[in-house]
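Please walk through this structure from the whole chain down to single residues. The path goes by way of the sheets and the core.

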Amino acid sequence: MPLQTHYTISSETGLSSVTSLIVGSTSAVIIDPPFLVPDAKSVVEFVKSKTSNPVVGVFVTHHHPDHYFSANPILEAFPTARFLAHPYVRAGIDREYAEKVIYWPNVFGKENVPANPAKPEVYNYSFFILPGDEASPVCLLGPVQGDSIDHTLFWLPTERTIITGDAVYARSTHAWVEEIETPQILDAWRLTLKLIESLNPQNIIPGHIEQGWTPNAKEDMAHMHKYLDLFESKITRPSQEGGKKPGVDDLFKTFKEAFPQCEKNLDFFLGKMSNAFGEGGEVWEENRMHDVKSRQKGVLEGFLLEAKAK
Ligand SMILES: [Zn+2]
């Protein structure tokens, strides 16, 4: 029997991030715990409503807090589960952990964020198989660029489903482009989109989608291309006369008007982006632990095997 996949959406305050569930014949796996404790409790109920199989693993696609911070309630509810991530994801978490555990409770309140968010253990394999489902491997593809450096994509080739983390945002939601600091980073994200498309998935489960929307592989990928194209023309490689930097308000307005269906969390997605790249804006220093600017093509796209320079 093929693996079954399900997803649930966090609250708007939790940035509408997506938690996925893979159910096999005897066990289950969760991908991307939510940001906030109340959403994590909802995930526990959601999982129990879908399967009584033991949860054997909880994986994380990338280091952003909205994809792992409230794993604690889930790990408590499913004590048989191992908490896992590829080594580069764990490294990203380690780089910013000390600052984020102070920063986020101040924003959301101590009751909404665990004081000591669990960190995933390092998982070194490039795939996993659930017992009894040997015909349905789950391949971990990474590191690849998404809205941050160092994402893992979870590809189910038998089921033709891919769980992308924040390599893909559904068309309901502004993409987080605040960390796309260089042309190399943007190009690497585009290459990830190409990789996803080359797999010809039937189902793409994105990293964020609003309530009331359903993932649609074709439309969500079109959204991502449109989003990155606009970002490139306004910010990465501005085509306007004189290459003058747009103002903070101009950027906010341009993106808001280009994607009128994206209505939620504008202050976060567009506010931080406009400040990062607009003239006179204030960069969100809290989000600068990864030295993104230093990442060159050879690292970002190290899987692209080109001839070595002599
Ligand atoms: Zn996210």
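Of the 310 residues of the protein chain, which is shown here as a predicted model, 44% count as buried. The chain has eight helices and 11 strands, and its radius of gyration of 19 Å is close to the 19 Å that the globule rule gives for 310 residues, so the chain is as compact as a globular protein of that length. The C-alpha trace spans about 60 × 50 × 40 Å along its principal axes. Among the contacts with a separation of 6 or more, 71% come from residues 24 or more positions apart.

The strands can be followed sheet by sheet. One open sheet has six strands in the order β1-β2-β3-β4-β5-β6, and its pairing is mixed. Its edge strands are β1 (4-9) and β6 (121-122), each of which pairs on one side only. From the β1 edge, the first pairing is that of β1 with β2 (residues 18-23), which is antiparallel and extends over six bridges; within it, isoleucine 9 has valine 18 of β2 as its bridge partner. Strand β2 is in turn joined to β3 by four bridges, again in the antiparallel sense, and these two strands form a hairpin with four residues between them. In this pairing leucine 21 stands opposite isoleucine 30 of β3.

Beyond the hairpin, the pairing of β3 with β4 is parallel and rests on four bridges, with isoleucine 30 standing opposite valine 58 of β4. To get from β3 to β4 the chain passes through helix α1 (residues 37-50), in a β-α-β crossover that is right-handed. Strand β4 (residues 55-59) also runs parallel to β5 (residues 82-85), to which three bridges join it, and here glycine 57 is placed opposite arginine 82. This step too is a right-handed β-α-β crossover, with helix α2 (residues 72-77) lying on the path between the two strands. Strands β5 and β6 run parallel and are joined by two bridges, with glutamate 121 of β6 as the bridge partner of leucine 84; together with helix α3 (residues 87-108), β5 and β6 make a right-handed β-α-β unit.

How is the side-chain direction arranged along strand β3 (residues 28-31)? Ala28 and Ile30 point one way, while Val29 and Ile31 point the other way, and all of them are buried. Two of these residues, Val29 and Ile30, reappear in the largest nonpolar core, which has 77 residues and in which they are, with Val58, Phe59, Leu153 and Phe154, the members that touch the most other members. In soluble globular proteins, nonpolar side chains tend to be buried together. Valine 29 itself touches Ile22, Val55, Val56, Gly57, Phe59 and Leu130, when residues up to four places away in sequence are not counted.

A further open sheet, also with mixed pairing, is formed by five strands in the order β7-β8-β9-β10-β11. At its edges stand β7 (127-128) and β11 (203-205), each with a single partner strand, so one side of each is left without a neighbour in the sheet. The partner of β11 is β10 (residues 161-163), and the two pair in the parallel sense over three bridges; asparagine 203 of β11 is the bridge partner of threonine 161.

From β10 the chain leads on to a loop that ends at α4 (183-198), and glutamate 179 is found in this loop. Is this residue buried or exposed? Glutamate 179 has 22 other C-beta atoms within 10 Å, and because 20 or more are needed for a residue to count as buried, glutamate 179 is buried. Leaving aside neighbours within four places in sequence, glutamate 179 is in contact with Asp147, Ser148, Asn287 and Val292. Its C-alpha atom is separated by 8.2 Å from that of methionine 273, although the two residues are 94 residues apart along the chain.

Methionine 273 is one of the buried residues of helix α7, the others being Phe269, Leu270, Lys272, Ser274, Ala276 and Phe277. Helix α7 (residues 266-277) has 12 residues, and from its first C-alpha to its last it reaches 16 Å, close to the 16 Å expected at 1.5 Å a residue. The cover over the buried residues of α7 includes α5 (217-236) and α6 (248-258).

Terms used:
Residues are numbered from 1 along each chain as its sequence is written. This is a predicted model: local features need pLDDT of at least 70, side-chain atom pairs count only at pLDDT 80 or more; totals for chains, interfaces and linings use all residues. The expected span of a helix is 1.5 Å times one less than its number of residues. A residue is buried if 20 or more other C-beta atoms lie within 10 Å of its own, exposed if 12 or fewer, and partly exposed in between; C-beta atoms are placed from the backbone. Two residues are in contact if their C-beta atoms, placed from the backbone, lie within 7 Å. The radius of gyration is taken over C-alpha atoms; the globule rule is 2.2 Å times the number of residues to the power 0.38. A nonpolar core is a set of buried Ala, Val, Leu, Ile, Met, Phe, Trp, Tyr and Cys residues joined through C-beta atoms within 7 Å. Two strands pair if DSSP finds at least two bridges between them. A crossover is right-handed if, with the strands pointing away from the viewer, the path from the first strand over the helix to the second runs clockwise.
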